Amino acid sequence: MAEVLVVGAGPVGLTLACELARHGVRPRIIDRAPQPSAYCRAIGVTPRTLEVWDDMGLAREMVDAGLWLTSLRSIINGQRMVDAIYPNMGLPYASLGLPQYETERILTRHLARFGIAIERGSTLSALSQDADGVAVRVEGEDGSAEEARFRYVIGCDGAHSAVRRLLGIAFEGAAYPWPFMLGDVRIDWDVPYGMSVRALRLVEGGPPHMFIAIPLPEPGRYRVSMLAAPHLVPASGTDHGIQAELTGPSLADLQAVADELLPDHAPLSDLRWSSVYRISMRLAAAFRQGRCFIAGDAAHIHPPTGGQGMNTGIQDAYNLAWKLALVLKGASPCSLLDSYEDERRPVGAEVIARTREASEGYGRERGGAPDRAADAQVSVSYRRTNWVEDEAGELGSAGPAAGDRAPDVAGLVRQGLGFPVRLFDVLRGTEHVLVVHLNGACERATVQDVSDWMQHRGDLLQDHLRVVMVTSNVAGQALPGGELLEDPGRTFAEAYGGQAMSYLVRPDGHLGWRGRSWWEAGLQEHLGKLFPAT
């Protein structure tokens with residue numbers, strides 16, 4: 001019997017269901033839509049989301065289905081600017097263009113590998129909870145109804161979330177004042193594959209007239225967006241403060257904007273779908289209430305600038321899944337679940353503030369380079385939250401701090417392998433990983449001490465923890481039950497600050513603890529808090 005009900009089978013709900021299954025918890029997942037959407041809403045995939053999919057074993061499938069977003073062409077008030085080529089940030093992945101329907105297709109197929117299917121045409125109509133579980137009512141398209149009980153319910157059901165509404169959680173914020181229209185079209189122009197285009201005409205005291213074209217994997221096809229034509233928006237408005245679908249534009253409506261803003265009047269053709277919609281900038285007052293959680297658009301919505309929405313929701317799911325699995329298995333205390341809201345709600349608030357500022361200043365950017373690490377979502381950190389401990393002291397000025405994303409490292413060497421190893425290859429999995437950096441030649445006594453500690457903590461290491469040692473020279477040593485990696489080019493030392501330190505990497509790739517050595521009492525206390533049964 002499923003212990004968790006996931007409501008909503010978009011990218012966020014699918015990621016959560018897949019991650020719960022990978023961590024050994026079998027969920028049920030329902031969606032009110034009878035079929036998946038064929039529309040290309042979200043496109044941009046950040047480098048951090050690709051790292052999440054790498055850990056899930058899906059990055060190759062996603063990359064093969066998408067295209068790399070390589071550059072941006074800007075046309076301001078009819079004048080073409082110098083094309084902006086996106087720089088190499090030294091990350092494992094660049095920014096990917098992937099239509100949302102492809103993301104959902106791959107995640108659905110991955111979920112099926114765990115023997116779990118989406119229950120479509122199923123609507124959550126009632127919800128109540130007590131200290132032991134959550135009672136729900138699910139109604140089918142045929143009028144049938146099911147009463148069921150789960151230990152936890154997670155709402156990944158979008159801006160109009162039934163879970164959020166049934167819980168009575170306020171969705172605070174304001175409506176974005178201007179409606180937009182979208183279309184999936186072919187454009188006949190001389191634009192390189194992978195290049196986005198934005199054409200703007202600046203307006204004093206209002207939003208710029210805009211024509212934004214994001215490339216799709218099929219050559220010549222784009223998802224275009226712009227301010228909605230006035231005749232498509234009822235004078236009284238239909239926005240109810242969250243999001244509203246209006247009558248979609250025609251090809252002629254989209255072409256009219258292109259003709260106004262593109263100097264070469266590039267012809268649009270083959271309109272596959274279109275939409276007019278309004279959005280808001282809203283943040284849920286709480287991400288958790290008792291045994292119920294919300295994630296993705298159910299918890300935060302904001303302007304689409306920078307393609308942050310879907311990616312932020314996917315990382316909500318990635319943050320929550322491992323914690324929920326550990327609690328359900330009895331390995332970690334229920335209080336661990338408090339860290340989901342503590343860590344993710346500030347991220348949602350920051351994304352709303354940043355995308356609002358970017359939207360209101362769109363086309364008027366002045367000075368300073370964009371914060372590419374923030375756009376890539378690799379700078380998200382949970383520093384100084386309740387389940388993160390940093391004991392590096394005076395050595396902690398360099399390298400990632402506790403709460404930060406653990407950077408990848410290339411060029412590591414493991415005995416018996418004739419090819420280099422990435423740190424992410426070692427971290428991939430569902431356990432916490434204790435990384436011990438010796439920052440020098442491997443001493444036999446140190447390896448033996450770590451090996452002895454591993455045998456002493458065998459109960460913990462059996463299911464929840466792995467140990468990796470990184471040194472400049474393994475000197476023929478081995479670490480039974482763990483991994484001993486050589487850092488011949490000092491790539492690890494460079495990325496992690498060059499000091500002999502130890503790091504506890506959580507299953508979501510963030511550092512839960514950092515200290516000067518693996519034997520510090522603080523690490524044992526942190527592990528005891530996280531895994532009290534061991």
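Reader: How many of the twelve residues of H1 are buried, and why does that matter for reading its surroundings?

Author: A residue is called buried when its relative accessible area is under 20%. In this predicted model, twelve of the twelve residues of H1 are buried, so the helix is largely enclosed by the rest of the structure. Among them are Pro11, Leu14, Glu19 and Arg22.

Reader: Which elements do the buried residues of H1 pack against?

Author: Their partners include both strands and helices: strands E1 (4-7), E2 (27-31) and E13 (152-155), together with helices H2 (47-56), H4 (100-113) and H7 (309-328).

Reader: What span should H1 have, and how far apart are its end C-alpha atoms?

Author: The expected span rests on 1.5 Å a residue, so H1 (residues 11-22) should span 16 Å; its end C-alpha atoms are 16 Å apart, which agrees. After the helix comes glycine 24, with a positive phi near 90 degrees.

Reader: Let us turn to a strand. Are the faces of strand E30 covered or uncovered?

Author: Both faces of E30 (residues 502-505) are covered. Ser502 and Leu504 are buried on one side, and Tyr503 and Val505 are buried on the other.

Reader: Which strand do four bridges join to E30, and which residue stands opposite serine 502?

Author: Strand E27 (residues 432-437) runs antiparallel to E30, and four bridges join the two. Valine 436 stands opposite serine 502.

Reader: In what sense do E30 and E31 pair?

Author: E30 pairs with E31 (residues 511-515) in the antiparallel sense, over four bridges. Here valine 505 stands opposite leucine 511. The two strands form a hairpin with five residues between them, and glycine 509 in the turn has a positive phi of about 80 degrees.

Conventions
Residues are numbered from 1 along each chain as its sequence is written. This is a predicted model: local features need pLDDT of at least 70, side-chain atom pairs count only at pLDDT 80 or more; totals for chains, interfaces and linings use all residues. Side-chain values use heavy atoms; hydrogens and water are left out. The expected span of a helix is 1.5 Å times one less than its number of residues. Buried means under 20% relative accessible area, exposed over 50%, partly exposed in between (1.4 Å probe, protein chains only). Contact means heavy atoms within 4.5 Å. Two strands pair if DSSP finds at least two bridges between them.
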